[in-house]
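Please open the structure in your viewer and keep the selection panel at hand. The tour below moves from one selection to the next.

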Amino acid sequence: MTVSMVPMCTSASKAATRTAGSSAYPSFASYVRARQPVLLRTARSLTANPCDAEDLLQTALTKTYVAWDRIQDHRALDGYVRRALLNTRTSQWRKRKVDEFACDELPEPEVTPVADPAEQQVLRDAMWRAIMKLPARQRAMVVLRYYEDLSEAQTAEVLGVSIGTVKSAVSRALGKLREDPELTPVR
């Protein structure tokens, strides 16, 4: 069974062939044209991403090109390029930043119980029903103070009353809410 390996990122393959074709070493160019598919499969076995594999092969072929005069046995070129692939990949792996550190215990996040949305809605409904039982002025002060998150001074300014009036009215309203029978199961 023959598997056709078509590069997914063709720019690196074309650059390798273009560089090899215009080289000062015609034997290097013919070697690259003949062995590129096999060497690309080797590079792909070293990386997960096909584009990274092409970049890895390009780097290894560049190193081979630079050392072309020093390579004495051109029958062992595949081994030389494979070693260059492996060394380059190892260097890349070593240079990456490591964000994980080994430790004795796994840092597991504490599991917080998630409230049931239906129960939360029941609580909201009960709270609004209890608030709607308050006199209009107390209801306005409780809503401004706790739902709109205004300060006592801001609430007094909005309603045109003194801060002391807001304090006493909110205190009485909270007392009524504490005594509301619908909110008793919540406590």
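Begin by selecting R145 and Y146: the charged end of R145 sits over the ring of Y146, at 5.5 Å from the centre of that ring. Keep in mind throughout that this is a predicted model.

Now zoom out to the whole chain and colour by secondary structure, where eight helices and zero strands appear. Of the 187 residues, 27% count as buried, and the chain exposes about 13300 Å², of which carbon and sulfur atoms supply 56%. Among the contacts in the chain with a separation of 6 or more, 54% are between residues 24 or more positions apart.

Next, turn to the aromatic rings, for which a search of the whole structure finds four pairs. Select F28 and Y65, whose ring centres are 5.1 Å apart and whose planes stand at 65°, over the 60 degrees that edge-to-face requires, so this pair is edge-to-face. Because F28 belongs to helix α2 (residues 26–46) and Y65 to helix α3 (residues 50–66), the pair ties together parts that are 37 residues apart in sequence. F28 is buried, with a relative accessible area of 4%, whereas Y65 is partly exposed, at 29%.

Then add Y31 and W68 to the selection: their ring centres lie 6.4 Å apart with the planes at 45°, so the pair is tilted. This pair, too, links distant parts of the chain, with Y31 in helix α2 and W68 in the loop between α3 and α4 (77–95), 37 residues apart. Both Y31 and W68 are buried.

Finally, display F28, Y31, Y65 and W68 together, since these residues form one aromatic cluster.

Definitions and conventions
Residues are numbered from 1 along each chain as its sequence is written. This is a predicted model: local features need pLDDT of at least 70, side-chain atom pairs count only at pLDDT 80 or more; totals for chains, interfaces and linings use all residues. Side-chain values use heavy atoms; hydrogens and water are left out. Helices (H or I, at least four residues) and strands (E, at least two) are DSSP runs, numbered from the N terminus. Buried means under 20% relative accessible area, exposed over 50%, partly exposed in between (1.4 Å probe, protein chains only). Contact means heavy atoms within 4.5 Å. Accessible areas come from the Shrake-Rupley method with a 1.4 Å probe; for residues, only the protein chains shown count as cover. Rings of Phe, Tyr and Trp (its six-membered ring) pair if their centres lie within 6.5 Å; planes under 30 degrees apart count as stacked, over 60 as edge-to-face and the rest as tilted. A charge sits over a ring if NZ of Lys or CZ of Arg is within 6 Å of the ring centre and within 35 degrees of the ring normal.
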